[in-house]
Amino acid sequence: MSLSYLPGTASLLEELDKRLLVVLRDGRTLIGYLRSVDQFANLVLHRCIERIHVGREYGDIPRGVFVVRGENVVLLGEIDAEQEAQSPLKEVSLEEILEAQSRQQADKDEKERIRAKVFKERGLAYTGEVTCDDNY
């Protein structure tokens, strides 16, 4: 870590060529090497993968070069290779993780449907979860 302080997005210059984990506003997780950054915190990730987590399992989708608009970044951090190797998470095939993600979403949708029904039976309006994407 350098001793000089870089304000704002300029501090990301210290992260160039490092392997980073980026969590996006829509909940997706990207992992890749930071190759470029600008004053708006727009990122260019090289050898990027999208990592899908379901429970204690994960799967990766190769994405190649990925450009991320800065306003969509929620969390960004360097990945420690040693700690990643010791992770309790189990890697599964892409097909398995996509199927697990689909089941997880179906379960969530069913719970939302039941919750909405209970609210309606009690004379209440239920709007469900509000996410950033619901506003568009």
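Start by selecting threonine 29, and show its neighbours as well: leaving aside residues up to four places away in sequence, threonine 29 touches Leu21, Val22, Val23, Ile49, Glu50, Arg51 and His53. Keep in mind from this first stop onward that what is on the screen is a predicted model. Threonine 29 belongs to strand E2, which covers residues 29-37, and it counts as buried because its relative accessibility is 9%, where the cut-off for buried is under 20%.

**The annotated span**

Next, colour residues 7-82, the stretch at which UniProt, in an unreviewed entry, places the feature "domain: Sm". The span is 59% strand and 3% helix, and the C-alpha atoms at its two ends lie 29 Å apart.

**The sheet**

Now switch to a cartoon view and follow the strands, of which six form an open sheet in the order E5-E1-E2-E3-E4-E6, with mixed pairing. Strand E5 (73-78) and strand E6 (90-91) stand at the edges, and each has a single partner strand, so one side of each is left without a neighbour in the sheet. If you display side chains along the strands, it helps to know that in a regular strand they alternate between the two faces of the sheet.

Select E3 and E4 together, since these strands run antiparallel and are joined by 10 bridges. They form a hairpin with two residues between them, and in that turn glycine 55 has a positive phi of about 60°. Within this pairing, look for arginine 51, whose bridge partner in E4 is aspartate 60.

On moving to E6, you will find that E4 and E6 pair in the parallel sense over two bridges. Which residue of E6 is the bridge partner of glutamate 57? Select lysine 90 to see that partner of glutamate 57, and then glutamate 91, which is the bridge partner of tyrosine 58.

**The salt bridges**

With the sheet in view, turn to the charged side chains, among which the count comes to 11 salt bridges. One of these salt bridges joins aspartate 17 to arginine 35, with the closest N and O atoms 2.7 Å apart. The pair links distant parts of the chain, 18 residues apart, as aspartate 17 sits in the segment before strand E1 (19-24) and arginine 35 in strand E2. Are the two partners buried or exposed? Aspartate 17 counts as exposed because its relative accessibility is 51%, while arginine 35, at 38%, counts as partly exposed.

Select glutamate 84 next, which forms a salt bridge with arginine 19, the closest N and O atoms again being 2.7 Å apart. Here glutamate 84 lies in helix H1 (residues 81-85) and arginine 19 in strand E1, so that the pair links distant parts of the chain, 65 residues apart. Both ends of this link are partly exposed, with a relative accessibility of 28% for glutamate 84 and a relative accessible area of 25% for arginine 19.

Glutamate 84 also forms a salt bridge with arginine 51, where the closest N and O atoms are 3.3 Å apart. Because glutamate 84 is in helix H1 and arginine 51 in strand E3 (residues 43-54), this pair ties together parts that are 33 residues apart in sequence. Arginine 51 is buried, with a relative accessible area of 11%. To see the wider arrangement, select Arg19, Arg51, Asp60 and Glu84, which are linked in a network of salt bridges.

**Helix H2**

For the last stop, select helix H2, residues 94-121, and place a distance label between its end C-alpha atoms, which are 41 Å apart. Why does this agree with what a helix should span? At 1.5 Å a residue, the 28 residues of H2 should span 40 Å, which agrees with the distance in the model.

Rotate the view until you can see that H2 lies across E3 and E4, running at about 60° to E3. Then show the side chains of Ile97, Ala100 and Glu112, which are the buried residues of H2, and note that these buried residues pack against E3 and strand E4 (57-68). Finally, step just past the end of H2 to glycine 123, which takes a positive phi of about 80°.

Conventions. Residues are numbered from 1 along each chain as its sequence is written. This is a predicted model: local features need pLDDT of at least 70, side-chain atom pairs count only at pLDDT 80 or more; totals for chains, interfaces and linings use all residues. Side-chain values use heavy atoms; hydrogens and water are left out. UniProt positions are given in the numbering used here, feature names are shortened, and annotations may be inferred rather than shown by experiment. Helices (H or I, at least four residues) and strands (E, at least two) are DSSP runs, numbered from the N terminus. Buried means under 20% relative accessible area, exposed over 50%, partly exposed in between (1.4 Å probe, protein chains only). Contact means heavy atoms within 4.5 Å. A salt bridge is a side-chain nitrogen of Lys or Arg within 4 Å of a carboxyl oxygen of Asp or Glu. The expected span of a helix is 1.5 Å times one less than its number of residues. Two strands pair if DSSP finds at least two bridges between them. Axes are lines fitted to C-alpha atoms, for helices over the stretch in contact, and angles run from 0 to 180 degrees between N-to-C directions.
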